[in-house]
Amino acid sequence: MLGKVVRKALVSAVGAVCALVLAAPASAGDRGASDSYSPNGAASASVRSANPLLESHNVERVRLGLPPLAWSSRLAGEAADYAAELAARGELRHSTAAGRSGHGENLWMGTSGAWDAAGMIDMFLEERRYFRAAPFPDVSLTGNWLDVGHYSQIVWRETREVGCATKTSRGMDILVCRYFPAGNVTGEAPF
């Protein structure tokens with residue numbers, strides 16, 4: 001029992017420190033300081049991709065029988081701009097709904113160089129252990145949708161495009177992923 005409590009506390013702490021989820025459910029500049037990862041190109045029919053961020057998203061979606069996401073250079077550009085803004089401010093905080101044009105958003109932060117792109121997305125995917133397919137916000141076995149909000153955005157059936165970028169600053173890697181259309185819509189089921 002104690003191990004389970006400690007594990008849950010650790011998962012909650014890691015989630016709070018390393019990744020934030022959209023603060024509110026959706027409705028119906030210095031790039032030289034880092035390596036910004038925002039590759040161009042659309043997803044092929046195959047899950048395999050030269051883009052590990054896209055591939056990590058699509059492996060899970062295909063596992064669930066959902067259509068793969070397409071890479072959006074536009075969303076990746078917006079993600080790169082916001083990652084640079086977060087790096088300049090030295091904090092991890094979601095943009096406002098207006099600031100992201102109503103797109104979905106997943107954020108992650110961790111020690112610089114400790115995770116590759118797939119590992120960053122894998123931290124979002126680990127939330128699946130607490131996920132249940134039910135109308136949002138009742139999507140978590142813990143009773144708190146924040147415990148699965150990254151995952152539910154990734155597997156939201158209506159989402160069709162993703163674009164991500166990373167930025168390194170102050171010894172931390174920051175990942176921003178933007179989604180269109182946004183998931184985590186109140187009253188709707190993820191799939």
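**Note on helix α3 and Ser-140**

1. Strands β2 (70-71), β3 (104-111), β4 (161-169) and β5 (172-180) are among the elements that cover the buried residues of α3. The model discussed here is a predicted one.

2. Those buried residues of α3 are Leu-75, Ala-76, Ala-79, Ala-80, Tyr-82, Ala-83, Ala-84, Leu-86 and Ala-87. An α-helix has 3.6 residues a turn, so residues three or four places apart point the same way.

3. Helix α3 runs over residues 73-89, 17 residues in total. From first C-alpha to last, α3 reaches 24 Å, close to the 24 Å expected at 1.5 Å a residue. After the helix comes Gly-90, with a positive phi near 70°.

4. For the chain as a whole, the secondary structure amounts to five helices and five strands. Their order along the sequence is α-β-α-β-α-β-α-α-β-β. The chain has 191 residues, of which 45% count as buried. About 9,000 Å² is exposed by the chain, and carbon and sulfur atoms supply 56% of that area.

5. A second place to look is Ser-140, in the loop that links α4 (117-125) and α5 (149-154). Ser-140 has a relative accessible area of 4% and is therefore buried, the cut-off being under 20%.

6. The side chain of Ser-140 has two polar partners to check. One is the side chain of Thr-142, in a polar contact at 2.7 Å. Another is the backbone oxygen of Asn-144, which the Ser-140 side chain reaches at 3.3 Å. Leaving aside residues up to four places away in sequence, Ser-140 touches Tyr-130, Arg-132, Trp-145, Asp-147 and Val-148.

Technical notes:
Residues numbered from 1 in each chain as written. Predicted model: local features only at pLDDT ≥ 70, side-chain atom pairs only at ≥ 80, totals over all residues. Heavy atoms only, no water. Helix = DSSP H or I, 4+ residues; strand = E, 2+ residues; numbered from the N terminus. Buried < 20%, exposed > 50% of the residue type's maximum accessible area, 1.4 Å probe, protein only. Polar contact = N/O pair within 3.5 Å; in protein donor to acceptor, adjacent residues only side chain to side chain. Contact = heavy atoms within 4.5 Å. Expected span 1.5 Å × (residues − 1). Areas by Shrake-Rupley, 256 points an atom, 1.4 Å probe, with all protein chains shown as cover.
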